[in-house]
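Subject: Structure handover

Hello,

Here is the structure we spoke about. Please open it alongside this note. What I found follows below.

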Amino acid sequence: MSQSQSRTQGRVEAAGEPDPRRWWGLVVIALAQLMVVLDATIVNIALPSAQRELGMSDANRQWVITAYTLAFGGLLLLGGRIADLVGRKRAFVTGLVGFAVASALGGAATGQGMLFGARALQGAFGALLAPAALSLLTTTFTDGKERGKAFGIYGAIAGGGSAIGLIAGGLLTEYLDWRWCLYVNVPIALIAIAGASVFLHDRRGHGGAARLDVPGVLLGCGGLVAIVYGCSEAQPRGWNDGLVLGMLVGGAALLVVFGWWQSRARHPLLPLHIVRNRNRAGAFLTMALAVVAMFGMFLFMTYYLQVVLGYSPVKTGMAFLPITAAIIVGSTQISARLLHHIPPRVLMVPGAVLAAAGLAWLTTLTAEPAYVSHVLPSEILVGLGMGLIFMPVMATATAGVAPQDSGVTSATVNTAQQVGGSIGTALLNTIATSASATYIGSHLARAAREAGGRLTPAARDGVVKDGVVHGFTVAIGWGAGIMLLAAVVAGVLVNGKAPKHGEGEGAEVP
């Protein structure tokens, strides 16, 4: 930023006026957030190609995903506090640079170890970037009506980014190469870095007399890493595995000790008044529960479209377009317009009920092609519902936070989303796998008896395909129940009023 720009910005801050370039700043923040969110899924479709080229075993291929989620989910609290200490813009730009470098390393990987390391590095810098982006958004838009619009756009990206990642992954893998699923982050990051240097700034006087809570970092991040790792390993190992149970119990114990320490630390990593607030705690929990169900749907619909219906990667990605469009409409055209007029839970509760109805629709799915009759209506309902949830959840969770705590509060929102997604994927996948195995075993035996012990390959394949879809529908039914629980949590805990016009930082949420 030039000296004249700095002087102009200083006069704006001194006068308490909003930044005249704040909407361009939102474009930069949205671009960076999109990069982080879509990277969680863009590699999924490219994974089979990467596995073949780098010679990964079936047991090791999960680390392409797990390395990212482990680092990202486990380090978010640390990243948020670093953003508070060193400055949000500095943390934002550092995260962008690191994410771009890690993406380039991953794209150039010559072996599986190099790819795993690059993905972990991406997750680490993403854990710095994501909370910095959300806290910049929180402190840039202080007017209640403008915050609603800004959070509507941000919420649409947070909810739709996963589907966009599937679309982009399919296009890049089919028409270029799986490496471009990583290389694509480099130009995006460069554009965001250039935009950040011009349009983003930290408010003066918000920084860093506090010190980093090292014991809190070890306890909090260690507990989160253990839980995310345990959930990731539950997919291949099962929930009864000793390592999985040990990680989950150990992670929970570390988090209990972390909570005790935060009540005594001089400069806590996560000040407990942030999570003690009724509305904020309700928003965190609603986010975690809603994402459990949504991530499960993405997982099962990807397999249903590719494995059961035989869609190509590109066609699979395009099939997710309606849910992305519905999330955008729900966030920007409904939530953003209504939030400053009505209480947040009046949006969250109907949104969760709507999403649960969409998931319930999928429980009637069969192995027959049913995109138009089942998948499409469900995507629209779930998308609209999540659009009604994401935006008021993020606005409620970050409203009224002191400037020095905005980074760690934003990190807690992202942590709820990430841990919810990790737990949801593992939990629902385990339910689906168990239900499928039981169905296939019993129906194959019955079909063999009816065929006199001579079951044709076509008949066997039909039973297996029916069993796979049966497992999906059982797990999605559980997802619908979890989404209804999110509606209950939002209705009971989130009792805040509609934000007043001009409401911004410093006014604590009731």
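A pocket, as used here, is an open set of grid points with protein on both sides within 12 Å along at least five of seven lines, and its lining residues have an atom within 4 Å of a point. Keep in mind that this is a predicted model.

**Second largest pocket**

By that definition, the second largest pocket is lined by 17 residues. Nearest its centre lie Leu224, Leu255, Thr415, Ala416 and Val419. Helices H9 (214-237), H10 (242-262), H12 and H17 (406-450) each give two or more residues to this lining. H17 provides the largest share, with 6 residues. The volume of the second largest pocket is about 430 Å³. For its chemistry, the lining counts 14 nonpolar and 3 polar residues. Charged residues are absent from the lining of this pocket.

**The chain overall**

The chain has 18 helices and 0 strands. It has 510 residues, and 56% of them are buried. Take the contacts with a separation of 6 or more: 84% of them join residues 24 or more positions apart.

**The cavity**

How many cavities of 30 Å³ or more does the structure hold? The count is 1. The largest cavity has a volume of about 50 Å³. Its lining consists of Val43, Ala46, Leu47, Ala50, Val64, Leu115, Arg119, Trp178, Cys181 and Leu182. Helices H2 (22-54), H5 (112-140) and H7 (180-183) each supply at least two of the lining residues. H2 gives the most, with 4 residues. By class, the lining of the largest cavity has 9 nonpolar residues, 1 charged residue and no polar ones.

**Helix H15**

H15 covers residues 345-362, 18 residues in total. From first C-alpha to last, H15 reaches 26 Å, close to the 26 Å expected at 1.5 Å a residue. Which residues of H15 are buried? They are Leu347, Met348, Gly351, Ala352, Ala355, Ala356, Gly358, Leu359 and Leu362. Seen down the axis of H15, these buried residues fall within an arc of 160°, so they line one face of the helix. The buried residues of H15 pack against four helices: H12 (278-308), H14 (321-338), H16 (371-398) and H18 (457-493).

**Ser378**

Ser378 belongs to H16, one of the helices that the buried residues of H15 pack against. Is Ser378 buried or exposed? Its relative accessibility is 0%, so Ser378 counts as buried. Leaving out residues up to four places away in sequence, Ser378 touches Met297, Gly358, Leu359 and Leu362. Gly358, Leu359 and Leu362 are among the buried residues of H15.

**Trp261**

Trp261 sits in H10, a helix that also gives residues to the lining of the second largest pocket. Why does Trp261 count as partly exposed? Because its relative accessibility is 26%, and partly exposed covers the range between under 20%, which is buried, and over 50%, which is exposed. Trp261 touches Asp213, Pro215, Gly216 and Leu219, again leaving out residues up to four places away in sequence. Asp213 is 48 residues from Trp261 along the chain, and their C-alpha atoms are separated by 9.9 Å.

Best regards

How values were computed. Residues numbered from 1 in each chain as written. Predicted model: local features only at pLDDT ≥ 70, side-chain atom pairs only at ≥ 80, totals over all residues. Heavy atoms only, no water. Expected span 1.5 Å × (residues − 1). Buried < 20%, exposed > 50% of the residue type's maximum accessible area, 1.4 Å probe, protein only. Arc of directions from axis to C-beta. Contact = heavy atoms within 4.5 Å. 1 Å grid on protein atoms, 1.4 Å probe; cavity = no way out; pocket = protein on both sides within 12 Å on 5 of 7 lines; lining within 4 Å. Points joined across faces, edges and corners; volume = space filled by probe spheres on them. Nonpolar A, V, L, I, M, F, W, Y, C, P; charged D, E, K, R; others polar.
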